[in-house]
Amino acid sequence: MNHRIKLLVGALALACMGNAHAADPIKIGVSGPYTGGSSSMGVSMRDGVRLAAEEINKSGGVLGRQLVLIERDDEAKNERGVQIAQELINKEQVAAVVGYINTGVALASQRFFQDAKIPVFNNVATGSVITHQFKAPENPDNYVFRNAAHDSIQAPMIVEEAVVRSGFKKVAILADSTNYGQLGREDLEKALAAKGVKAVATEKFNIKDVDMTAQLLKSKEAGAQAVLTYGIGPELAQIANGMAKLGWKVPIVGSWTLSMANYIDNAGANGSGARMPQTFIQEPNTPKRKAFIDAYLAKFKPKNNRIDSPVSAAQGYDSIYLLAAAITQANSTEGPKVRAALEDLQKPVEGVVMTYDKPFTHDDHDAITANLVVFGEVKDGRVVYAYPDDLKATAQPRKKDSAASAAASK
Amino acid sequence: MILLQLIYSGIALGMIYAVIAFGYQLTFATSGTLNFGQGEALMLGALVGLTLVGLGVNYWLMIPIVCVFGFIQGAVVERIAVRPAIKTRSEFGWIMATIALGIIFRNVAENVWGRDDLPFPSPLPVAPVQIAGANVLPMEMLVVVGALAMMLLVELFNRKSIHGKAFVATSNDRDAAGLMGINTGLVITFSYALSSLTASFAGVLIAPLTLTGATMGAVLGLKAFAVAIIGGLSSGTGVVVGGLILGIAETTTGFYLSTGYKDVPGLVLLLLVLAFKPAGLFGKTAIKKV
């Protein structure tokens with residue numbers, strides 16, 4: 001009986017393959033939270049991905065085939081991410097997947113792609129371990145790539161900004177209780193230790209907490225001169241609002257999530273001045289960026305002409321171009337060939353964040369290095385360059401600093 | 001001064017819990033059942049309020065409209081979820097039924113308003129006021145005053161009006177009240193309507209302090225349930241005291257112990273109350289004949 005079903009399935013599969021012709025579309029999975037507290041990142045990422053795919057399809061697609069996006073809402077939940085991963089692999093049979101906003105969801109889901117030998121392209125999630133989850137020697141080949149500024153870049157930058165540039169020797173850490181917050185807190189503590197500083201207070205909060213008085217009072221009483229944060233928009237807004245309530249005004253410096261629309265909108269005037277590392281700021285200082293921003297605003301019409309999460313949109317956009325370049329070079333959509341091509345990209349790919357000139361090697365799957373990240377600041381309801389010099393510097397062509405990534409991986 | 005600040009914040013937080021817990025207590029009194037969708041009633045109230053404010057309705061004018069909405073919503077919950085369970089004398093049917101309705105309401109809200117958290121414009125100045133050396137937001141004072149005023153109004157209604165007397169009679173002995181010609185079914189529907197009304201009122205009251213979104217009710221509803229158990233499901237004073245205890249316990253433990261254990265003392269208290277005074281701190285111990 002069982003045998004007969006297998007035969008039947010086999011015959012069906014053969015029949016399908018026989019019907020397939022060269023112009024079959026290439027399926028790309030897109031997984032991210034399009035609803036909930038992380039949605040400003042997820043939706044912006046998805047829109048960036050859509051924009052890139054549409055442009056590529058208009059100019060003839062990849063290998064003469066159109067890109068088809070299979071979009072799924074993982075709701076920032078690990079278990080949803082796992083279900084989606086299995087659906088994308090087994091039912092949709094995608095050639096690759098892009099996305100993952102939440103570190104926890106990425107860590108839970110990408111093992112399935114690793115096992116199926118399908119490339120995963122993280123374009124937003126920043127947990128340092130993401131690209132190291134399947135390291136040699138246990139795994140000869142790693143199928144996880146990323147073009148986002150990971151936490152071991154961000155945490156030292158945050159510390160550099162607060163401790164060195166601003167000269168605050170007493171800082172407090174406020175991190176949420178998720179994987180993201182707690183891994184980030186560890187990175188922050190490590191980076192602080194490297195500067196010989198210990199946080200005067202290290203506090204935790206939960207998603208959906210409505211009162212931050214205890215955490216903030218502890219930091220204030222410990223004499224903190226700045227608050228370093230690791231959390232997402234809504235709760236970060238509660239921190240800024242709680243500080244206003246206590247009449248305590250110290251700078252907030254934190255991970256890149258301080259640029260989320262739901263932080264900026266919910267904190268309003270209280271959130272102004274917060275600083276965070278950014279790979280991309282909505283500022284048309286190169287022709288490529290101008291074209292991207294104009295196309296995005298024209299197509300998706302965000303409120304007040306402000307991309308909800310410009311970083312996510314830009315990285316999402318670039319991830320599709322990188323993937324397309326790899327598929328073209330591999331002349332195939334087979335996972336192992338695409339992976340090999342990504343690790344050895346022959347032609348530079350011009351993205352909006354930077355020009356990706358050999359962004360990956362076999363042992364280094366992180367495209368972004370510290371030299372590509374600048375400081376953004378919340379001002380009048382949007383994120384601007386914290387240092388005017390960066391505005392000029394980023395207008396120049398930028399490339400990955402391979403020496404820095406070698407040092408970081410040590 | 002730090003303690004004072006913690007207590008202020010604890011009071012504001014506690015009154016949020018208390019006003020929701022008050023709703024649990026209202027329905028329990030008349031029918032011995034609870035609306036486990038109380039958190040969702042709060043969320044719906046806040047979101048409807050937000051939509052109204054977005055349409056240009058004044059905040060103070062919006063409150064009575066939301067209250068009417070809550071009233072109707074509560075009546076619907078009773079008719080759909082609780083009435084059949086009471087009729088069939090099902091011991092626990094109403095538990096699942098009210099939870100199910102709560103989930104449905106949340107899903108509807110997610111589809112109507114999206115799942116993102118939205119800011120609620122504050123009707124009062126957002127600058128804090130200093131009282132005895134610690135800061136309080138005007139909105140927090142409004143929550144405390146508003147919650148107390150509403151509970152007082154409901155209590156007055158129960159004690160003074162003829163409808164209120166029917167309410168009290170039903171809560172004392174439903175069968176006897178029924179024999180005296182009181183339409184106890186209607187009274188129970190009314191108690192549910194009133195409990196949802198208080199929840200949606202709480203929703204618009206606290207929304208400028210918290211963020212507004214489809215998931216805002218879940219945590220608050222649960223904490224309020226703990227408050228109702230601690231204070232006693234049969235006592236109006238109990239929920240206020242229970243709310244204050246839980247709110248202040250959360251802020252002070254957060255500060256003096258660790259913010260990682262912020263939620264623990266309230267729950268330990270809950271366990272202690274259940275172990276030593278199961279009817280709650282202010283509850284009347286009733287002997288249930290089996």
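Start by selecting helix α4 of chain A together with the elements that its buried residues pack against: α3 (78-91), β3 (96-99), β4 (120-122), β5 (144-146) and α6 (179-194) of chain A. Here buried means under 20% relative accessible area, exposed over 50%, and partly exposed in between, with a 1.4 Å probe and protein chains only. Helices (H or I, at least four residues) and strands (E, at least two) are DSSP runs, numbered from the N terminus.

Before going on, note that this is a predicted model, in which local features need pLDDT of at least 70 and side-chain atom pairs count only at pLDDT 80 or more, while totals for chains, interfaces and linings use all residues. Residues are numbered from 1 along each chain as its sequence is written, chains are lettered from A and ligands numbered from 1 in the order in which they are written, and side-chain values use heavy atoms, with hydrogens and water left out.

**Stop 1: along α4(A)**

Color the buried residues of α4(A): A:T103, A:G104, A:V105, A:A106, A:L107, A:A108, A:S109, A:Q110, A:F113 and A:Q114. Ten of the 14 residues are buried, so α4(A) is largely enclosed by the rest of the structure.

Now look at the helix end to end. α4(A) covers residues 103-116 and reaches 20 Å from its first C-alpha to its last, close to the 20 Å expected at 1.5 Å a residue (the expected span is 1.5 Å times one less than the number of residues). Center your view on A:S109, where α4(A) has a kink of about 35°; the bend at a residue is the angle between axes fitted to the seven residues ending there and the seven starting there. Step just past the helix to A:K117, which takes a positive phi of about 55°.

**Stop 2: two loops of chain A**

Most residues other than glycine have a negative phi. Select A:E75 in the loop between β2 (67-73) and α3 of chain A: its phi is positive, near 55°. At 22% relative accessibility, A:E75 counts as partly exposed.

Then jump to A:D380, in the loop between β13 (374-379) and β14 (382-385) of chain A. A:D380 is not a glycine, yet has a positive phi of about 50°. With a relative accessible area of 71%, A:D380 is exposed.

**Stop 3: a helix pair in chain B**

Switch to chain B and show α5 (residues 138-160) and α6 (residues 162-172), whose axes come within 5 Å and cross at roughly 90°. Axes are lines fitted to C-alpha atoms, for helices over the stretch in contact, and angles run from 0 to 180 degrees between N-to-C directions. α5(B) and α6(B) are therefore roughly perpendicular (65 to 115 degrees).

To see the contact (heavy atoms within 4.5 Å), display B:F157, B:N158, B:R159 and B:K160 from α5(B) with B:I162, B:H163, B:G164, B:K165, B:F167 and B:V168 from α6(B).

**Stop 4: B:T30 and B:T33**

Go to B:T30 in helix α1 (residues 2-31) of chain B, which is buried at 3% relative accessibility. Not counting residues up to four places away in sequence, B:T30 touches B:F167, B:T170, B:S171, B:R174, B:V187, B:I188 and B:S191. Add B:A169 as well: B:T30 and B:A169 are 139 residues apart in sequence and 8.5 Å apart in space, C-alpha to C-alpha.

Finish at B:T33, in the loop between α1 and α2 (38-54) of chain B. B:T33 is buried, with a relative accessible area of 4%. Its C-alpha lies 7.1 Å from that of B:W94, with the two positions 61 residues apart in sequence numbering.

How values were computed:
Angles under 35 degrees count as roughly parallel, over 145 as roughly antiparallel, 65 to 115 as roughly perpendicular and the rest as oblique.
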